[in-house]
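Me: Could you take a close look at a single buried strand of this model and the sheet around it, and then show me how the rest of the picture connects to it? I am in my first year, so please explain each term when it comes up.

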Amino acid sequence: MSMTLEQKIEHAAAVVAGGGVIAYPTEGVYGLGCDPTNYTAVKRIIELKQREADKGLIVVAANWQQVKIFTVPLEESHWDAVSKTWPGPTTWLFPASEWAPSWITGKYSSIALRISAFKLVRELCEQCGPLVSTSLNLASQPALTSAVQINNELAEQIDYILEAPVGNVGHATPIYNAVTGEKVR
């Protein structure tokens, strides 16, 4: 008997809560996710992607309350641009607080955050809290967009693949600096 999407989300959240690494559909591509405060799980993702640890990772959440501890307060004027794009498929770099894990920020003094509008991601984060959200691909390779590709290439390195369609953005999310407004990616 196949699981409903709700059951898949519940199972993925349980895997994350247990320290596991999941593959899950995001706004534009499949993402690799785990609890951003779990060093061991984050290290697995970095190794799986063959990525340099100092590059930092994005954290996605269902709402600001889930991630605000990772940032220092912004001036009110800086919130205008952010609030126009959230929730949505835009990632913003915020000045990192002392609570932002160094294995997430990498060599930077900022942390990359996104409040998603994508229903599946929101429901997942509502159940397990914020998630690492990095495209599922090896460094410098195209991001994977289907569970079939993941099963063919990386399944043995992932604890659970949440099979569902990706959103219609068609690419990784753009990244902006919340203080300067400058586009980074």
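Reply: What follows starts with one strand and then moves outwards from it.

This is a predicted model, in which local features need a pLDDT of at least 70 and side-chain atom pairs count only at pLDDT 80 or more, while totals for chains, interfaces and linings use all residues. Residues are numbered from 1 along each chain as its sequence is written, and side-chain values use heavy atoms, with hydrogens and water left out.

The strand to look at is β4, residues 91-95, which is largely enclosed by the rest of the structure because four of its five residues are buried. Here a residue is called buried under 20% relative accessible area, exposed over 50%, and partly exposed in between, using a 1.4 Å probe and protein chains only. Strands are DSSP runs of E with at least two residues, helices are runs of H or I with at least four, and both are numbered from the N terminus.

The strand β4 belongs to an open sheet of five strands in the order β6-β3-β5-β4-β9, with mixed pairing. Its edge strands are β6 (131-132) and β9, each of which pairs on one side only. Two strands are said to pair if DSSP finds at least two bridges between them. Strand β4 runs antiparallel to β5, to which four bridges join it, and within this pairing Phe94 has Ile111 as its bridge partner. With β9 (residues 175-177), β4 pairs in the parallel sense over three bridges; there Leu93 is partnered with Asn177, and Trp92 stands opposite Tyr176.

A good residue to follow is Thr91, which lies in β4 and is buried, with a relative accessible area of 0%. Leaving aside neighbours within four places in sequence, Thr91 is in contact with Ile58, Ala112, Leu113, Arg114, Thr173, Pro174, Ile175 and Tyr176, where contact means heavy atoms within 4.5 Å. Although Thr91 and Tyr176 are 85 residues apart along the chain, their C-alpha atoms are separated by 6.4 Å. Along the chain, the loop between α3 (79-85) and β4 holds Pro87, and the peptide bond from Trp86 to Pro87 is cis, with omega near -10 degrees.

Some of these names come back in the largest pocket, which holds about 780 Å³ of space. Of the 38 residues lining this pocket, the closest to its centre are Arg51, Gly56, Ile58, Ile175 and Arg185. A pocket, sought on a 1 Å grid over the protein atoms alone with a 1.4 Å probe, is an open set of points with protein on both sides within 12 Å along at least five of seven lines, and lining residues have an atom within 4 Å of a point. Its volume is the space filled by probe spheres set on the points, which are joined across faces, edges and corners. At least two lining residues each come from α4 (102-105), β5 (110-115) and β7 (134-135), and β5, the antiparallel partner of β4, gives the most, with four.

The strand β7 leads to another sheet, an open one of four strands in the order β7-β2-β1-β8, again with mixed pairing. Since β7 and β8 (160-161) stand at its edges with a single partner strand each, one side of each is left without a neighbour in the sheet. Strand β2 (residues 30-33) pairs with β7 in the antiparallel sense over two bridges, with Leu32 facing its bridge partner Thr134. Gly31, which is also in β2, is buried, with a relative accessible area of 1%. Not counting residues up to four places away in sequence, Gly31 touches Ile22, Ala23, Tyr24, Thr26, Thr134, Ser135 and Leu136.

Finally, the loop between α2 and β3 (58-61) holds Gln50, which has a positive phi of about 55 degrees although it is not a glycine. At 56% relative accessibility, Gln50 counts as exposed, whereas Thr91 is buried.
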